[in-house]
Amino acid sequence: MDYLDLEEERLKYDPQEEEELFNCDKCGAEIYEGQEYYECEMGDLCEKCFDKMQEDEKSECERIAGDEDEY
Ligand SMILES: [Zn+2]
């Protein structure tokens, strides 16, 4: 039994499953009704991708005071 079979099996016995509304524009994660997501210039992102994007942005802007000679 592969993963998809298991997923089908799970849905069959879980009628309360929230409807999937759309997918994260970056990783494709399913975003369900009532779930938080982040609308930004890159599209609609799940929490994980938004955190990652912020980390990337932070590291791009990061400077060390007193260590500016090389710029
Ligand atoms: Zn994502």
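Student: How many helices and strands does the secondary structure of the chain come to?

Tutor: Let's start with the overview. This is a predicted model, and its chain has two helices and four strands.

Student: In what order do the elements run from the N terminus on?

Tutor: Reading along the chain, the order is α-β-β-β-β-α.

Student: Let's look at strands S1 and S2. How many bridges join them, and do they run parallel or antiparallel?

Tutor: Strand S1 covers residues 20–23 and strand S2 covers residues 30–32; three bridges join the two, and they run antiparallel. To follow one bridge, begin at Glu20: its partner in S2 is Tyr32.

Student: What do S1 and S2 form, and how many residues lie between them?

Tutor: They form a hairpin, with six residues between the strands. Look in the turn for Gly28, whose phi is positive, about 80°.

Student: Now for another glycine. Where is the place of Gly43?

Tutor: You will find Gly43 in strand S4, which spans residues 43–45.

Student: Why does Gly43 count as partly exposed?

Tutor: The idea is to count C-beta neighbours inside 10 Å. Gly43 has 14 of them, so it counts as partly exposed; the buried class starts at 20, and 12 or fewer would make a residue exposed.

Student: How far apart are Gly43 and Lys26, in sequence and in space?

Tutor: They are 17 residues apart in sequence, while their C-alpha atoms are 7.9 Å apart in space.

Student: And across the chain, what percentage of the 71 residues do buried residues make up?

Tutor: Buried residues make up 4% of the 71. As for contacts with a separation of 6 or more, residues 24 or more positions apart account for 2% of them.

Methods:
Residues numbered from 1 in each chain as written. Predicted model: local features only at pLDDT ≥ 70, side-chain atom pairs only at ≥ 80, totals over all residues. Pairing = 2+ DSSP bridges. Contact = placed C-beta atoms within 7 Å.
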